[in-house]
Amino acid sequence: MQQASPMLDGRFAVLNGDSVFDTASLTELFGHEAGVAAHRVDQPREYGVLSTDGDYATDVVEKPVDPPTNLANAGAYVFPDSVRTALDVPESERGEREVTDVLARLIDQRDVAVVETDQWLDVARPADLLRANELALSETTRQIDGAVEAGATVVGDVSIAESAVVESGATIRGPVIVARDATVRSGAVVEGPSVVGANATVDGGVELANTVLLPGATVSEDVQLRELVFGPRCTIPTGVSIAGGDASSADAVATVSAANPSVDGGLSY
């Protein structure tokens with residue numbers, strides 16, 4: 001925020017880029033002169049934790065050993081213009097300049113409304129990314145701008161970008177997004193919620209389910225991927241099967257990414 005300060009004029013909002021919010025809660029938050037979004041969680045020690053008096057914040061503490069409440073700071077704020085004089089906070093014990101320290105200063109100066117979110121997801125782990133993907137794809141509508149060859153099967157809410165190609169004999173069951181310049185070859189099956197990223201290639205005989213292929217990824221013939229986040233410009237060779245497991249477990253979902261754009265077969269997760 002300190003870097004952006006010269007470009008700020010009046011009241012402004014700050015949102016964590018790795019969080020997913022519901023629109024209604026953000027709309028309510030943005031109606032306040034000063035406010036912070038909050039969400040009740042089972043493990044508050046992993047978050048900044050808010051204390052409140054009625055609808056207003058009385059304190060905030062970052063990742064406390066003994067949390068005073070289960071009300072996590074959800075990482076969305078509305079700050080008044082006056083807070084710009086309070087942005088130069090010292091580094092915390094973690095070596096960071098914490099937004100929560102700015103918030104704490106503001107709480108000492110004025111009323112700061114607390115708006116509890118109806119829906120919130122902190123995208124910190126691979127499983128969280130799959131959950132965020134599922135939430136995003138739940139709003140996908142059928143839109144086919146790319147080339148779907150005769151003989152391809154496309155069912156449900158599927159978005160196929162211009163310049164993407166789905167070959168004859170391929171099957172896509174939504175919700176699925178096929179991004180620009182991506183190719184789904186004959187014999188491949190893509191089950192939603194899944195994303196085939198820009199310039200990604202899904203070869204014949206491949207089965208994808210609840211999987212995100214990041215841009216430039218290549219999945220070779222006869223590969224099975226389930227509940228997986230696959231890194232950009234990486235390649236999985238023929239015949240590999242990788243299942244991330246139960247996406248409700250933060251430790252169960254496999255992530256494959258490497259600077260070397262090739263992953264040998266026989267991987268276990």
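Pro175 sits in the loop that links β14 (171–173) with β15, and the peptide bond leading into Pro175 from Gly174 is cis, with omega near 5 degrees. Strands here are DSSP runs (E, at least two residues), numbered from the N terminus. This is a predicted model, in which local features need pLDDT of at least 70 and side-chain atom pairs count only at pLDDT 80 or more, while totals for chains, interfaces and linings use all residues. Residues are numbered from 1 along each chain as its sequence is written, and side-chain values use heavy atoms, leaving out hydrogens and water.

Another cis peptide bond joins Gly192 and Pro193, with omega about 0 degrees; Pro193 lies in the loop between β17 (189–191) and β18 (194–196).

Two residues other than glycine have positive phi values:

| Residue | Phi | Loop |
|---|---|---|
| Lys63 | near 45 degrees | between β5 (56–62) and β6 (71–79) |
| Asp181 | near 60 degrees | between β15 and β16 (183–184) |

Lys63 is partly exposed, with a relative accessible area of 38%, and Asp181 is partly exposed at 36%. Partly exposed lies between buried (under 20% relative accessible area) and exposed (over 50%), using a 1.4 Å probe and protein chains only.

Now to the interior. A nonpolar core is a set of buried Ala, Val, Leu, Ile, Met, Phe, Trp, Tyr and Cys residues joined through side-chain atoms within 4.5 Å. The largest has 30 residues, and those with the most contacts inside it include Ile172, Val184 and Leu225. Its largest share, three residues, comes from β22. A second, separate core of 22 residues includes Ala38, Leu50, Val60 and Val83.

Notes
Helices (H or I, at least four residues) and strands (E, at least two) are DSSP runs, numbered from the N terminus.
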